[in-house]
Amino acid sequence: MDRRTRRARAGRWPSSEQKRPQRVFQDRAPAPEAQPAPAAEPEPAPIPQRVAPENKIVTMPVRSGQTVIADKGDLTVVGPVSSGAELFAAGNIHVYGRMRGRAFAGIDGDENARIFCQSLDAELLAIAGLYRTSDSLGADVRHKMVQIYLEDERLIVAPFG
């Protein structure tokens, strides 16, 4: 063979004398064996969503013969409550004015409910079914800013300040 033929063949077909490049593999860890998927953990029970109370605010005076009910939360009256008016609340009652009517807090049996008055002259006060009438209110709490709450199954009327 002449030189040209050898070169042409050498470019296309390497001879056995020429070294071919070899692939170099890095050492790899063997592939992990397929394992069954872990059993799904049971989902935790859903957390019950807390329902926000439905508080009620009254910005007008509550007149005699009127009844205001907040059956799912607190009741706030910004103004006076006249004699003969009634306030009912599942939670607390706040009166920012003179309280002369009847107030029933904790009507669903909530013994932690309270009644707050800016000026107390109420006909009747009740929390979770326990009540006091105006006859049993002392002169030390009349026309004063007070809070009314239950303590040892007694209705306590305590002045602020």
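## Salt bridges and a sheet: worked exercises

The side chains of Arg102 and Glu123 come together in a salt bridge, 2.7 Å from N to O. (A salt bridge here is a side-chain nitrogen of Lys or Arg within 4 Å of a carboxyl oxygen of Asp or Glu.) Keep in mind that this is a predicted model: local features need pLDDT of at least 70, side-chain atom pairs count only at pLDDT 80 or more, and totals for chains, interfaces and linings use all residues. Residues are numbered from 1 along each chain as its sequence is written, and side-chain values use heavy atoms, with hydrogens and water left out.

**Exercise 1.** Work out which parts of the chain the Arg102–Glu123 pair ties together.

*Solution.* Start with the addresses: Arg102 lies in strand β6 (residues 102–105) and Glu123 in the loop between β7 and β8, so the pair ties together parts 21 residues apart in sequence. (Strands are DSSP runs of E, at least two residues, and helices are runs of H or I, at least four, numbered from the N terminus.) Next, check exposure: Arg102 is partly exposed at 24% relative accessibility, and so is Glu123 at 23%. (Buried means under 20% relative accessible area, exposed over 50%, partly exposed in between, with a 1.4 Å probe and protein chains only.)

**Exercise 2.** Find the salt-bridge partners of Asp121, Arg98 and Arg142, on the model.

*Solution.* First, Asp121 meets Arg98 in a salt bridge at 3.0 Å, N to O. That pair links distant parts of the chain, 23 residues apart: Asp121 sits in the loop between β7 (115–120) and β8 (124–127), Arg98 in strand β5. Second, Asp121 also meets Arg142, again at 3.0 Å, N to O. Arg142 is in the loop between β9 (130–133) and β10 (146–151), so this pair ties together parts that are 21 residues apart in sequence. Last, look for shared partners elsewhere: Glu86, Arg102 and Glu123 are joined into one network. The total comes to four salt bridges.

**Exercise 3.** Trace the open sheet and say which strands stand at its edges.

*Solution.* Read off the order of the six strands: β1-β3-β5-β7-β10-β11, with mixed pairing. (Two strands pair if DSSP finds at least two bridges between them.) Then take the ends: β1 (56–58) and β11 (154–159) each have a single partner strand, so one side of each is left without a neighbour in the sheet. Now zoom in: β3 (residues 75–78) and β5 pair in the parallel sense over four bridges, and Thr76 has His94 in β5 as its bridge partner.
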